[in-house]
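The following questions and answers introduce one structure to a reader who has not seen it before.

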Amino acid sequence: MQDDPSDFEPSRSAGLDRLAEFVNRAGRSYAAGRNTDDGPGRATAVSKLSPYLRYRLVTERDVVAAVLERHGFEPAEKFVQEVLWRTYWKGWLEMRPTVWARFVEERDRQRQTFPNKRALTAAESGSTGIEGFDDWARELLATGYLHNHARMWFASIWIFTLRLPWTLGADFFLRHLVDADAASNTLSWRWVAGLQTVGKTYLATADNIARYTNGRFSPKGLATEAFAITEPPIPRPQPLPRPMRSASSDQSLLLVTSDDLNPETVARTDMPIKAAVVASSPDGLWGDRARVFVAKAAAETASRVAVSFDCEANVLVDLDAETLAIAARSAGAHQIVTAYAPVGPVADALARLTPSLAGQGITLVQVRRDWDDLFWPHATKGFFKFREQIPELLREQGMR
Ligand SMILES: Cc1cc2nc3c(=O)[nH]c(=O)nc-3n(C[C@H](O)[C@H](O)[C@H](O)COP(=O)(O)OP(=O)(O)OC[C@H]3O[C@@H](n4cnc5c(N)ncnc54)[C@H](O)[C@@H]3O)c2cc1C
């Protein structure tokens, strides 16, 4: 069993070690124990693989393949479904990018205008006097990680007991989680708030908290009703952008971003990659913990890439068109190949710099993973419809 979650060593090999250590526990013991949170530094049934999956140091495919090989599908179904929640949220947001844009706009508005700064500071520093809630706030600040159930309880108390804006809670998580993610975080907060599945809110209760913290916490005075939060209707899902493949066999510069630190399984190692740059830029990294994790992981990824593609690989601090154009030119490349960036700040940065690169005769090709091509189109409705497809889609991949 693992203990201290604050110790996420930022490398693919550390992620694979964690997976190897966890894989035996991914079957029925995960299903039975995953809801219990005994607190930081204590044995747990969950994997704590989230930072590795978030930055794709270890991919969903790596994790699901290892778990299925060890257990087969039925005993590991619950764990596989949890991994696919991540894939589902990514696909769902990809087809509804305005939900991210709206969140950013509303968060920025609330940051400027929310009047009760004192209540906000008390919530963020863990000094509201609410048992459990204060402990999770401090745990998040100290470790950059919270158990899934603690995230749910925390978000629910933030919204319905403290009556703070959900967007500021989501912002607090983004600034402190090591695994902070545009899709998983925003959509989970929306789910708790009753926006994601309209009318279905998540209300934390003292009994449930006491039961799943093994009696560590039993907070008093929690809201007993969840009020309705409304918003204008969400636009219908738009078609996914067509997957791009690197059509040209031109000499290329490989660009690695924090959204996918596993380029070896995106670009083929026999592609004419002349050089690589790994961007450890702040785009999509909201907090210090995530930034430190990615900066170290970027250096480790550059070393891996240099060996895998037999080329020079450097870490870039800024993801801007001029720096990329210089790197491409000095590699003699007119094409930059990168893993597809899903909705979020890295995608926004790539969208900004693409025209400028094109103006200099350089094409940016975003290659989407087979995993995303396979699952994302099914994220049109709720998770339960999506979940029904999982066994068949895994079978298509020869994974079960
Ligand atoms: C309010 C709230 C905010 C959240 N914010 C984030 C976030 O920013 N980044 C993030 O990666 N996850 C987020 N989650 C989802 C989930 O809490 C974490 O992925 C999980 O707790 C990570 O711990 P683990 O690796 O031990 O999970 P395990 O239980 O071991 O699950 C394995 C993997 O499956 C995925 N996963 C599991 N549960 C979920 C879930 N409910 N939603 C999406 N993916 C899941 C994760 O990649 C996780 O690493 C949030 C959940 C809530 C309720």
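**Helix α17 and the largest pocket**

After α17 comes G398, whose phi is positive, near 70°. The model is predicted: local features need pLDDT of at least 70, side-chain atom pairs count only at pLDDT 80 or more, and totals for chains, interfaces and linings use all residues. Residues are numbered from 1 along each chain as its sequence is written, and side-chain values use heavy atoms, leaving out hydrogens and water.

Q: At which residue of α17 does a kink lie?
A: Helices are DSSP runs (H or I, at least four residues), numbered from the N terminus. The bend at a residue is the angle between axes fitted to the seven residues ending there and the seven starting there. In α17 a kink of about 40° comes shortly before the proline P391, at I390.

Q: Which residues of α17 are buried?
A: Buried means under 20% relative accessible area (1.4 Å probe, protein chains only). What covers these residues includes α4 (60-71), α5 (73-94) and α16 (370-375). The buried residues are F383, F386, I390, L393 and L394.

Q: Which element gives the largest share of the lining of the largest pocket?
A: A pocket is an open set of points on a 1 Å grid over the protein atoms alone, where a 1.4 Å probe fits, with protein on both sides within 12 Å along at least five of seven lines; lining residues have an atom within 4 Å of a point. Elements that give two or more residues to this lining include α9 (148-161) and α17. The largest share, nine residues, comes from α5.

Note on methods
Buried means under 20% relative accessible area, exposed over 50%, partly exposed in between (1.4 Å probe, protein chains only). Contact means heavy atoms within 4.5 Å.
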